[in-house]
Amino acid sequence: MFTALALSLSQLGDRPIRSVLRKSLLLTVVVFALLGGVTWWGVNRLLEGWTYNGSLAAAAALVISVLAMWLMFRAVAIAIVGLYADTIVAAVESRHYPRALATAHDVPMAQSMRMGLASAGRFVGINLLLVAAYLVLLATGIGTAALFLAVNAWLLGRDLSDMVAARHMSPAEMPAWRRQTMARRFLLGLAVTGLFLIPFLNILAPVLGAAMATHFYHRSHR
């Protein structure tokens with residue numbers, strides 16, 4: 001996994017990947033500005049109905065909005081990068097796996113959008129279902145963090161590796177491949193989840209994750 005990370009970092013300067021990074025960051029900022037504004041407005045209006053202290057409601061709304069945006073960053077960022085994942089994967093394959101690139105097929109934009117939105121939906125849905133477990137495990141000190149990392153490593157490992165596999169496999173072949181590579185995909189997801197937790201590096205995490213997933217896929221087929 002360290003090799004995949006090092007190779008991915010070394011390719012950040014490539015023109016196609018720089019282009020994806022610029023576009024995905026710009027789109028992420030726009031989406032977050034809209035979501036942040038709507039979330040703050042909604043929470044502020046809700047809390048104003050519970051308290052006569054307008055400044056307290058505004059402060060609470062700000063805190064809740066920031067927390068919600070932090071939790072949503074991974075979902076939004078991966079969904080957006082999913083739109084451009086084919087470009088990242090092709091760039092990595094062009095440099096490191098030219099034989100695989102020759103037999104790959106481009107993933108249609110509609111399919112990329114479905115995969116990205118499905119990824120975001122799974123992240124939000126599963127983590128909402130686990131809110132009660134997260135709260136109960138707070139008493140253990142590390143249980144909440146451990147469960148969050150494990151669940152999201154599984155989700156990220158699946159979503160990122162699927163972005164690559166879709167270029168080389170039919171939908172019917174992918175379930176068997178997922179079962180065969182479950183442990184390795186979990187390690188991939190754990191590594192990328194760790195990147196999302198590091199300030200500043202988390203901005204690059206979606207693009208690095210897609211590049212790392214490409215190395216993971218092709219090295220697992222050797």
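Leaving aside neighbours within four places in sequence, His 218 is in contact with Glu 93, Tyr 97, Ala 100, Val 164 and His 168, where contact means heavy atoms within 4.5 Å. The model is a predicted one, in which local features need pLDDT of at least 70 and side-chain atom pairs count only at pLDDT 80 or more, while totals for chains, interfaces and linings use all residues. Residues are numbered from 1 along each chain as its sequence is written, and side-chain values use heavy atoms, with hydrogens and water left out.

His 218 is found in helix H10; helices (H or I, at least four residues) and strands (E, at least two) are DSSP runs, numbered from the N terminus. With a relative accessibility of 9%, His 218 counts as buried. Here, buried means under 20% relative accessible area, exposed means over 50%, and partly exposed lies in between (1.4 Å probe, protein chains only). His 218 and Glu 93 are 125 residues apart in sequence, yet their C-alpha atoms are 8.8 Å apart in space.

Helix H10 covers residues 201-220 and also holds His 215. This residue counts as buried, because its relative accessibility is 0%. Apart from neighbours within four places in sequence, His 215 is in contact with Ala 4, Leu 7, Ser 8, Val 92, His 96 and Tyr 97. Tyr 97 is thus listed among the contacts of His 215 and among those of His 218.

The chain as a whole has 10 helices and 0 strands, and its pattern along the sequence reads α-α-α-α-α-α-α-α-α-α. Of its 222 residues, 41% are buried. Among contacts between residues at least 6 apart in sequence, 76% join residues at least 24 apart. The accessible surface of the chain is about 11800 Å², and carbon and sulfur atoms account for 72% of this area. Accessible areas come from the Shrake-Rupley method with a 1.4 Å probe; for residues, only the protein chains shown count as cover.

Charged side chains provide further links. The structure holds 7 salt bridges, a salt bridge being a side-chain nitrogen of Lys or Arg within 4 Å of a carboxyl oxygen of Asp or Glu. One of them joins Asp 159 and Arg 122, at 2.5 Å from N to O. This pair links distant parts of the chain, since Asp 159 belongs to helix H7 (residues 143-165) and Arg 122 to helix H5 (residues 109-129), 37 residues apart. Asp 159 is buried, with a relative accessible area of 4%, whereas Arg 122, at 24%, is partly exposed.

Asp 162 has two salt-bridge partners to consider, Arg 158 and Arg 178. The side chains of Asp 162 and Arg 158 meet at 4.0 Å, N to O. These two residues are separated by about one helical turn, because they are 4 residues apart in helix H7. Arg 158 counts as partly exposed at 23% relative accessibility, and Asp 162 counts as buried at 5%. The salt bridge between Asp 162 and Arg 178 has an N to O distance of 2.8 Å. Asp 162 lies in helix H7 and Arg 178 in helix H8 (residues 174-180), so this pair ties together parts that are 16 residues apart in sequence. Both Asp 162 and Arg 178 are buried. Elsewhere, Asp 86, Glu 93, Asp 106 and Arg 167 are joined into one network by salt bridges that share partners. Glu 93 was met above as a contact of His 218.

Helix H2 brings the account to the surface. Arg 15, Arg 18, Arg 22 and Lys 23 form a positive surface patch. Patches are made of residues with over 30% relative accessible area and no salt bridge; like charges are joined within 9 Å, and nonpolar side chains (Val, Leu, Ile, Met, Phe, Trp, Tyr) within 5 Å. Lys and Arg count as positive and Asp and Glu as negative, while His and the chain ends are not counted. The place of a charge is taken as NZ of Lys, CZ of Arg, CG of Asp or CD of Glu. Arg 18 is found in helix H2, which covers residues 15-48, and is partly exposed because its relative accessibility is 37%.

A nonpolar surface patch of about 360 Å² is made by Leu 26, Leu 27, Val 30 and Leu 34. Val 30 is found in helix H2 and counts as partly exposed, at 40% relative accessibility. Leu 35 is likewise found in helix H2 and is partly exposed, with a relative accessible area of 32%. The C-alpha atoms of Leu 35 and Met 72 are separated by 9.6 Å, with the two residues 37 apart along the chain.
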